[in-house]
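Trainee: I should like to take a close look at a single part of this model. Would you please guide me through the place where two of its chains meet?

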Amino acid sequence: MAEHTLEIALAAGVLSPLISFWALVLFGPKLGKPVAGWFGVVFGMGVPLACATYVLFGWMDAMNAGESAALTANAWRGTWAVLGDVPITIGVKLDSLTVAMFFMVTFIAFWIFFFSVGYMSGHSDEVAGQRKYWLFFAYLSLFAFSMLGLVVSSSLVFLFIFWELVGLCSYLLIGFYFDKPVPQYAQMKAFITNRVGDFGFLIGLMLVYFHLGTVDLDEAATVFAQQAASGTGIFASHFTMFGWSLATIMGVGLFCGAMGKSAQFPLHVWLPDAMAGPTPVSALIHAATMVAAGVYLVARVFRLMTPDALMFVSLIGCLTLTLMALVAVVQTDIKKCLAYSTLSQLGYMIFGLGSGAWVAALFHLITHAFFKAMMFLGSGQVIEGCHHEQDMRKMGGLWKKMPVTCITFLVGVLAIAGTGIPGTKIGLGGFFSKDEILAVSYARAFEWEDPERFEEEHHGDGGGHAEVELTKRVLLASDPVQHDNDHAETAHSDHGTDSHAAGVGRIFANTPALPKWMFYLALFTAYITPFYMMRAWWLTFMGKPRDDHVYEHAHESPMMYIPLAVLAVGTVFASYFLFRPLIADAATAGSAASLVMAIDGTVHTPAIMAAHHFLMYGVGGAFLVGFLLAIAIYRNGLAVGDKLKRALAPLHTLLENKYYIDELYDIVFVKGFLLIAKIARFVDTWIVDLIVNLFAAAAERFAAFCGLILDKHGVDGVVNGVAKSSRDFGHIVRLPQTGQIRHYILAATGVATIVFLCVLWASSGANDVAMAATTASLGR
Amino acid sequence: MTIGLTHYLIVAAIMFVAGLFTMMTKRNAIGILIGVELVLNAATVNLVAFDRYMGPDRLDGQITAIFVIVLAAAEAALAVGICINVYKNLSTVDVDRANSLRG
Amino acid sequence: MTNTKHNLTSCLLRLVVAGGGVLLFSSQAAFASEASGVTNAAAPGGLLEAALFYFVALVAVVSSLGVCFSKDIVRMAVWLFGALGSVAVMYFLLAANFLGAIQLIVYAGGTLILLVFGVMLTSKSPWVKFECPKIEMLFAGIICAALLGCLCIVLTDATWAGTMQVVPGASVEAIGKILITKYLVPFEVAGVLLMIVMVGAAHLARQDD
């Protein structure tokens, strides 16, 4: 394969949406209603999809030929600018993760673009009195450009630039109907919340820039590992905050960005509100791609994370996945329910990354992108078909009217619930990915031996390693061969996992075990997820119609269900066989040499093996429990659900109000800000003004005194006299002031000439005539 | 027959005086502007001539001339703008009639 | 002069022809001056250069006088064009090639067009004349003649300390360098000034709403 072909294809895929964006901005209004949309579909996403497919196959070939490592190493990169001593690099990150993400994004986005054409044909394109059909596709194209650029960037700075761009696109698209108050509020909320996270990202980026001296992802990781080994650079700093070292703060800072974009627990508030945007936008940006960018970022900077930082990541992920899943249970708005489900699943990914399940988390990212995009499109179809009715309580029985939507949605539900047959390789994407995350977290929580004791046992020379420093890394298993032999008898392929030979992970000497409650929460949520998803599906499509008006008008249109069907097929087939190997391949480079052990869930370390045995049925059967429970409750409509709601009223209220976090923010930040403003105003009115007024009063008194005694009798006489005389003088002087430029020039030149003549006459004959003349003219 | 500094200075002087005369005798605002341009040009010629003859390696005169040209361009743009405004308000560019400030 | 027969088109045509002529002439002069610049180093004060100078000086003087004596504003503009063009050629003769180019671009290309536009925008007909009182003309003439006389006396009497011939000019590069080193601040200030002027001109010339 010719050199750099893949990079060029990737770059073409990134730039094509940009061209589409400009073309639509410049000529969009002329293209008219359907044409602009199709233009966006073809150039905004069709071309990138073609490029992505080409790259995917090219990359597969390279992998089979064993050339992929060389391609990664030789991927194009250059220097964009030099800031101080640090070159700001620009380049294409070419590895399996990029290829997988690129293909995933283009594939899903293409079908969502396609869906958008159908969606927009049924929606008003009037914003603030102007027709903005073209603008919608221009924004979508810009988003595609930014997202693909983010995936492809090899330097953190460009990652950040595209990061901000996707944030901007999200802002623009949520508030596409900006003349309505709700989207307007939602877009602001999304942008401001993201800003909080991006601030952390910026701090992390500055620390990377300052302490690692490079912004290239790979170089930064290498430098970080070196510094960790030698205790120099960022590890030499004694700065701590909240008990975190500077290196940890760097990792946490970078993660803060991900917390904003991926809507993790304290910053999650924007995502449900973002559902005020058009449904394709929710599907593309707020379910499949942009929110996944945070997870992608964490995966990319995984090697810059210290154990403490990753523990924080786990904590946040764990909180998010549990709390949001519970909220999803009580949602009645179909889109909001999906939004909370997205939050919960993102929590899973972040939790997985924090626990070291690098492969599983990214695999979950990709499988989730497929089925969640599909479900959002399905909900869009439902909302569209039901005349903008989003309340699931008013739906029901729609399967007769929308069979395709019903079935595809069910596929999504099964996938997110992790449906599969335990002990076999039969199952949907979520089955493998979620199980793997849980298995790894189980291993980290229960089977994790105290690292130092572990080390002594396995190396037999614990004395030598007694003074293991914080930064020292040792191999988990010093002898992979022996390690494999130990478990040769258990090397089977149960539970849908492959047995990879390379069973070496790295462990950071002080990596602590995961708290057990985290695993329990994640496991518990694995039972919640199928429940609320099945509840949503059942309420929407099954049972009896609860609102005749909605039911009668329900319909579906091919423009909208074709993408659904395609994505459903993708969900069923593509995930495990296509993406799992790709990501596993990326893991060798993407998480190698990191300070924390990245655990490949399919590698049969003793801990993982035990976890698999334990979880095989515990998790594998979770979906059945959840489904059956949901069906049992909602089989006959809402009656049982309402009874439960009354029985658990306090809990229900808490969940329905989303733990009062919005209210808390309102009180702490919004009201707090107003309070500060009020205090400032108080100080201004009562203290500053008081002083000023006192001075003013004093001055007034003094002035009154002066005016009475001195002014009237003493000063005024003089002033009036001067005024009168100057007025008389002015009258005289005014005479030559004709107000005509000519006369002024004439006069000025005349005077100058006369002076000139005088000087000439005075110094006639002298040698320094010229000098005198010059002096004279200068003097004037 | 050597062309010296004086030659240039005399040409410049003639242009200068011609410019002054234009400014004194024209009632058209644009005519006055043209006179100003002539005067500025004469000054620039002086600057360049002195630069070339007195200190050929210093360039100060040429740089000053460049600034003069820049200022002249700026001044012309503004002056024409003012003329147009005057024309809008008074329907003429006769400077004799633009005397409302005279009081 | 039968001004009434003139119309704007013919006048503009004449303007363009005159401008083209000056341009052509000045470009030839530029080549000539370059050539003479080379010969200058060997034999200063070549006859060719002198002849060229006198010709250009004649053009400049005649054009200047044309400016001040023509009554017609459009004619004044055309005469000014001649004066500006001849000044540009003078710069070439002085081996200040960069300034010559600037002169042609900024003055002949920009300022003059601006003036012509000003003329067209502010005249009910392009040949409006406002006569100045004869007495003022007389005063102005006397003063100007006196001033010119003084200047000529001073100039011819003066002895100058510098070299008495043109040396080959400094390169554009040198000008550029000095402009962003020694003269950086005036340079920036000039940039700011231009911006202010741009805003100001746009503001002055805007349509009233």
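Mentor: The following account concerns the contact of chain B with chain C. This is a predicted model, in which local features need pLDDT of at least 70 and side-chain atom pairs count only at pLDDT 80 or more, while totals for chains, interfaces and linings use all residues. Residues are numbered from 1 along each chain as its sequence is written, and chains are lettered from A in the order in which they are written.

In chain B, 62 residues are in contact with 72 residues of chain C (two residues are in contact if their C-beta atoms, placed from the backbone, lie within 7 Å). On the side of chain B that touches chain C, two or more residues come from each of α1 (5-25), α2 (29-54) and α3 (60-90) of chain B; helices are DSSP runs of H or I with at least four residues, numbered from the N terminus. The largest share of that side, 20 residues, belongs to α3(B). By residue type, the side of chain B that touches chain C has 44 nonpolar, 13 polar and five charged residues. Here Ala, Val, Leu, Ile, Met, Phe, Trp, Tyr, Cys and Pro count as nonpolar, Asp, Glu, Lys and Arg as charged, and the others, Gly among them, as polar.

Let us turn to one pair of helices. The axes of α3(B) and α7 (residues 184-204) of chain C are 9 Å apart, at an angle of about 15°. These two helices, α3(B) and α7(C), are therefore roughly parallel to each other (angles under 35 degrees count as such). Among the residues that make the contact are Phe67(B) and Gly81(B) of α3(B), and Pro186(C) and Leu204(C) of α7(C). The residues of this contact divide into 13 nonpolar, three polar and no charged.

Technical notes. Axes are lines fitted to C-alpha atoms, for helices over the stretch in contact, and angles run from 0 to 180 degrees between N-to-C directions. Angles under 35 degrees count as roughly parallel, over 145 as roughly antiparallel, 65 to 115 as roughly perpendicular and the rest as oblique.
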